[in-house]
Amino acid sequence: MRKALLVKYGEIAIRGKNRYLFENQLIAAIRRNIDVLDIGHYIKKEQGRLVIYNKRSETDVEALIERVKVVYGVLGVSPCIISDEQDFESVGKLSLEYFKAAYPTLPENTTFKVFAKRANKGYPMTSTEIGAGIGSIILEHYPHLKVAMKNPDVTLYVEFRNDAYIYSETIKGVGGLPAGSSGKGVLLLSGGIDSPVAGYMMEKRGISLDAIYFHSPPYTSERAKEKVMDLARRLSLFAGGKNLYIVPFTEVQLYLYDHVQPEKLTILMKRIMLKMGELLAEKTGGLAVVTGDSVGQVASQTMRSIHAVESAVNLPILRPLAGFDKQEIIDIAHEIGTFDISIRPYEDCCTIFVAKHPETKPKTSIIENIEARIMSDLKPLIDKAMENIEIYEL
């Protein structure tokens, strides 16, 4: 008998001939997440599963589960035991031992079920026969229990794959696809609530995102920078790592502040940020820029405003929160653990320089003309900022 963690994945299983590529990316992300535990782990591919063994002594299973269940692509994780013998008698005996250890006392009339799965079709018994047989063994020792095929109080799972796996619970994972399996992009990451959620949602669809943050000292403090770094660290947990690029944005922002009408400042600033995000994407192999825009939420996110910034870049702009209201975004932020970080009272550069009455219906042609007039002076400042980016591997 060996103890292990059985890792289940969802969409990866239907990927056909290139499934192994997705599995390899999932394994790599899990490894990066659990390396910090220093448990001497070993990850094995199984039929439709991954299995994590501990090659050393006992480890903190709860800590391991916490590091694995949050990885994009993981549908669920189950602490299990593995039978060293595959014959039914041995598996049945081990199943009973596991059941006794997991449920030392069960009240009268407790209902249970044995759910058997036979991925190994060469096994001489069907899934139904395995489940019924092990259920009978359990009833011999627990005659006060009752079998219930629907909504049982207790379920014992027995899976016959290359090995036989026995477990009683599955802890839910985040699902989705491993980060990087759908390509790369760049996330415009502010210190607010929306952009981390946008990054989470797109990485859950397999896009590996480098994060770019625009820092404007002394108008934004080091604590604002630390807040964004903490947000990036939290997001890196789901992806198994992340790069954060911090752009010194003060000179660019002051130039815009001095040369652009206040009501148009936010739109021009957003266009410049998108351009710089695109420049980073060109260097890192990114194929899209991701923002936390939610249609109609603020002045810079009206349909006219969105149209006015769209032409700033050639890459696609992905807006996963476009149809979400604020409460829906907050709910996800709570769920993924970014909300409490985002509400720390340290403002980002956009908040500080925003106009009292920003334009909500800008004309794209006018915005583009303003940008064209100032770009010759602005471009050297942009280039200088890009050359002095701080890079953090998280």
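# Close-up views of a predicted model

**Figure 1. The end of helix 5.** Helix 5 is followed by Gly 206. The phi angle of Gly 206 is positive, near 95°. The model shown here, as in every figure below, is predicted.

**Figure 2. Helix 5 is largely enclosed.** Of the 11 residues of helix 5, 9 are buried, so the rest of the structure largely encloses this helix. To count as buried, a residue must have under 20% relative accessible area. The buried residues start with Asp 194, Ser 195, Pro 196, Val 197, Ala 198, Gly 199 and Tyr 200. Met 202 and Glu 203 complete the list.

**Figure 3. Helix 5 packs against helix 6.** Two packed helices are described by the angle between their axes and the distance between the axes. Here helix 5 spans residues 194-204 and helix 6 spans residues 222-239. Their axes come within 10 Å and cross at roughly 15°. Angles under 35 degrees count as roughly parallel. Helix 5 and helix 6 are therefore roughly parallel to each other. Their crossing is right-handed. On the helix 5 side, look for Pro 196, Tyr 200 and Glu 203. They meet Leu 231, Leu 235, Phe 238 and Ala 239 of helix 6. This contact of helix 5 with helix 6 has 6 nonpolar residues, 1 charged residue and no polar ones.

**Figure 4. Helix 5 packs against helix 10.** Helix 10 covers residues 326-336. The axes of helix 5 and helix 10 come within 9 Å and cross at roughly 70°. That makes helix 5 roughly perpendicular to helix 10. The crossing is left-handed. Helix 5 brings Asp 194, Pro 196, Val 197, Tyr 200 and Met 201 to the contact. Helix 10 brings Lys 326, Ile 329, Ile 332, Ala 333 and Ile 336. By class, the contact of helix 5 with helix 10 has 8 nonpolar and 2 charged residues, with no polar ones. Pro 196 and Tyr 200 also meet helix 6.

**Figure 5. Helix 1 packs against helix 2.** Helix 1 runs over residues 19-34, and helix 2 over residues 61-69. The two pack at an angle of about 135°, with their axes 9 Å apart. That makes helix 1 oblique to helix 2. Their crossing is right-handed. Ile 30, Asn 33 and Ile 34 make the contact from helix 1. Leu 64, Arg 67 and Val 68 make it from helix 2. The residues of this contact of helix 1 with helix 2 divide into 4 nonpolar, 1 polar and 1 charged.

**Figure 6. Leu 21 and a partner distant in sequence.** Leu 21 lies in helix 1. Its relative accessibility is 41%, so Leu 21 counts as partly exposed. Leu 21 and Ser 181 are 160 residues apart in sequence. In space, their C-alpha atoms are 7.9 Å apart.

**Figure 7. His 215 and its contacts.** His 215 is found in strand 11. Is this residue buried or exposed? At 4% relative accessibility, His 215 counts as buried. Leaving aside neighbours within four places in sequence, His 215 is in contact with Thr 220, Ser 221, Glu 222 and Lys 225, among others. Its contacts also include Ile 246, Val 247, Pro 248, Phe 249 and Thr 250. Take Ile 246, which is 31 residues from His 215 along the chain. The C-alpha atoms of this pair are separated by 6.5 Å.

**Figure 8. The nonpolar cores.** In soluble globular proteins, nonpolar side chains tend to be buried together. The largest nonpolar core in this model has 36 residues. Which of them touch the most other members? They are Phe 214, Phe 249, Val 252, Leu 256, Ile 272, Met 276 and Leu 378. Strand 10, strand 11 and strand 12 are among the elements that give two or more residues to this core. So are helix 7, helix 8, helix 9 and helix 13. Helix 8 gives the most, with 10 residues. Apart from this core lies another, of 33 residues. Its members include Ile 193, Met 202, Ile 207 and Ile 246.

**Figure 9. The whole chain, for orientation.** The chain has 13 helices and 15 strands. Its C-alpha trace spans about 85 × 35 × 35 Å along the principal axes. Of the 394 residues, 53% are buried. Among contacts with a separation of 6 or more, 79% join residues 24 or more positions apart.

Note on methods: Residues numbered from 1 in each chain as written. Predicted model: local features only at pLDDT ≥ 70, side-chain atom pairs only at ≥ 80, totals over all residues. Heavy atoms only, no water. Axes fitted to C-alpha atoms, helices over the stretch in contact; angles between N-to-C directions. Helix = DSSP H or I, 4+ residues; strand = E, 2+ residues; numbered from the N terminus. Parallel < 35°, antiparallel > 145°, perpendicular 65-115°, else oblique. Left-handed = near helix turned anticlockwise from the far one by under 90°. Contact = heavy atoms within 4.5 Å. Nonpolar A, V, L, I, M, F, W, Y, C, P; charged D, E, K, R; others polar. Core = buried A, V, L, I, M, F, W, Y, C linked by side-chain atoms within 4.5 Å. Buried < 20%, exposed > 50% of the residue type's maximum accessible area, 1.4 Å probe, protein only.
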